[in-house]
Amino acid sequence: LFYDTKNYDRESFEACLQNFSDITIEYTKSDLDPRTAALAEGFDAVCAFVSSDVSTQTLEILHEKGIRLLLMRCAGFNNVDLDTAGKYDIRVMRVPGYSPEAVAEHAMALALASNRRLYKSYNKVRENDFSLSGLMGFNFYRKTAGIIGTGKIGAAMCHICRGFGMKVIAYDVYENQALKEFVEYVSLDQLLSDSDVISLHCPLMDSTYHIINIDTIRKMKDGVILVNTSRGALVKTDDLIEGIRMHKFAGVGLDVYEEETNNVFEDRSDEILEHSTTARLLSFPNVMITSHQGFFTREALEAIATTTLQNAVDFLAG
Ligand code: NAD
């Protein structure tokens, strides 16, 4: 059963299914959570996404309904209670590295767009204002990019930054030997103080939760650009807002944010908007927010569909 929330990847799965004659898919428009888990009755596997709520309660229901395979069609799995899945012998399979370049390219797009105020420029031009006020950015060439987390996506980002002629420094708990030729590993503090552009590419874990907070923000250069395409909770939003108010950032580009799952804009009542940190972030002209779309390229969707269906075949083959 395919929990199909946004109806964006059905086509790629349908196209890919032609190569997997043993598999049939049924789709439901709901996301997987404790209210919808019972729909899985009678299926061999469920397929869920990064927006799904695969908590203890959901897994208990899936277990009751006889589900033994959870296919996550995404890389991150911080929304899955792995301990409970293990307890019920529900195998969790994901797509670890479908297209690191897709996310890294989006991270660079956010960095460039916020540096050169593209969204502001676009809106001005649409209003027939071709003046340059408020649009000045800085060259990336010969500036320093600080990459936090140099796994698959972080490594791709390092290569892109190098292509821009940037000096690339990085912080990771494990050093990626393949990058040693042009990436200098430094402490987190040094990365924060030396970087002109900081991009987050580590997973969300206890050790990385709110890794960007008022203390780490204070250590950054004034006029830095901060990009987060990893997970919203790497950044403590209230502190980010404080940092923006302190004029710490030339630009902030976020593809992910703490409130993501709450559909804050579905109900645009004044009350919701007043209490929504995402809405507060959008009120700043140098903040650019996109809709968790880093992965959203044709190539990535094809790779996600192929790997997810192959995971199902591998599971059935034992
Ligand atoms: P990866 O596992 O290949 O790399 C993660 C890196 O982070 C590893 O090198 C790891 O050592 C490092 N790391 C772990 N703990 C750290 C810490 N405390 N400090 C610094 N580094 C640490 O993962 P990936 O494929 O590169 O993906 C990175 C993240 O990107 C995923 O966890 C996911 O949250 C996010 N993601 C976002 C999108 C999107 O559409 N925006 C798509 C895919 C993945």
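## Around the ligand

Let's start at the ligand. Two helices, α4 (100-115) and α6 (152-163), each supply at least two residues of the shell around it. Of these, α6 gives the most to that shell, with 3 residues. Keep in mind as you look around that this is a predicted model.

How many residues surround the ligand? There are 30 of them, and the closest are Gly149, Gly151, Ile153, Pro203 and Gly294. Sort the shell by class and you get 13 nonpolar, 13 polar and 4 charged residues.

## The chain as a whole

Now zoom out. The chain has 12 helices and 12 strands. Its radius of gyration is 21 Å, close to the 20 Å that the globule rule gives for 318 residues, so the chain is as compact as a globular protein of that length. If you draw a box along the principal axes, the C-alpha atoms fill roughly 60 × 50 × 35 Å.

What share of the 318 residues is buried? The figure is 40%. You can also ask how far apart in sequence the contacting residues are. Take the contacts between residues at least 6 apart: 67% of them join residues at least 24 apart.

## The nonpolar core

The largest nonpolar core holds 91 residues. Which of its members touch the most others? They are Val46, Ala48, Met157, Cys158 and Val168. Helix α4, which you met at the ligand, also shows up here: the largest share of this core, 8 residues, comes from α4.

Ala48 is a good one to click on. Leave aside its neighbours within four places in sequence, and Ala48 is in contact with Tyr3, Leu32, Val54, Leu70 and Met72.

## A helix with a buried side

Helix α9 covers residues 237-245, and Thr237, Leu240, Gly243 and Ile244 are buried in it. Why do these four sit on the same side of α9? They cover an arc of only 110 degrees around the axis, which puts them there together. The spacing is a handy thing to remember: an α-helix has 3.6 residues a turn, so residues three or four places apart point the same way.

What covers the buried residues of α9? The cover includes two helices, α8 (214-218) and α11 (277-282), along with the strands β11 (249-254) and β12 (287-289). Just after α9, have a look at His247, which takes a positive phi of about 60 degrees.

Conventions: Residues are numbered from 1 along each chain as its sequence is written. This is a predicted model: local features need pLDDT of at least 70, side-chain atom pairs count only at pLDDT 80 or more; totals for chains, interfaces and linings use all residues. The radius of gyration is taken over C-alpha atoms; the globule rule is 2.2 Å times the number of residues to the power 0.38. A residue is buried if 20 or more other C-beta atoms lie within 10 Å of its own, exposed if 12 or fewer, and partly exposed in between; C-beta atoms are placed from the backbone. Two residues are in contact if their C-beta atoms, placed from the backbone, lie within 7 Å. A residue is near a molecule or strand if its C-beta atom, placed from the backbone, lies within 6 Å of it. Ala, Val, Leu, Ile, Met, Phe, Trp, Tyr, Cys and Pro count as nonpolar, Asp, Glu, Lys and Arg as charged, and the others, Gly among them, as polar. The arc is that of the directions from the helix axis to the C-beta atoms. A nonpolar core is a set of buried Ala, Val, Leu, Ile, Met, Phe, Trp, Tyr and Cys residues joined through C-beta atoms within 7 Å.
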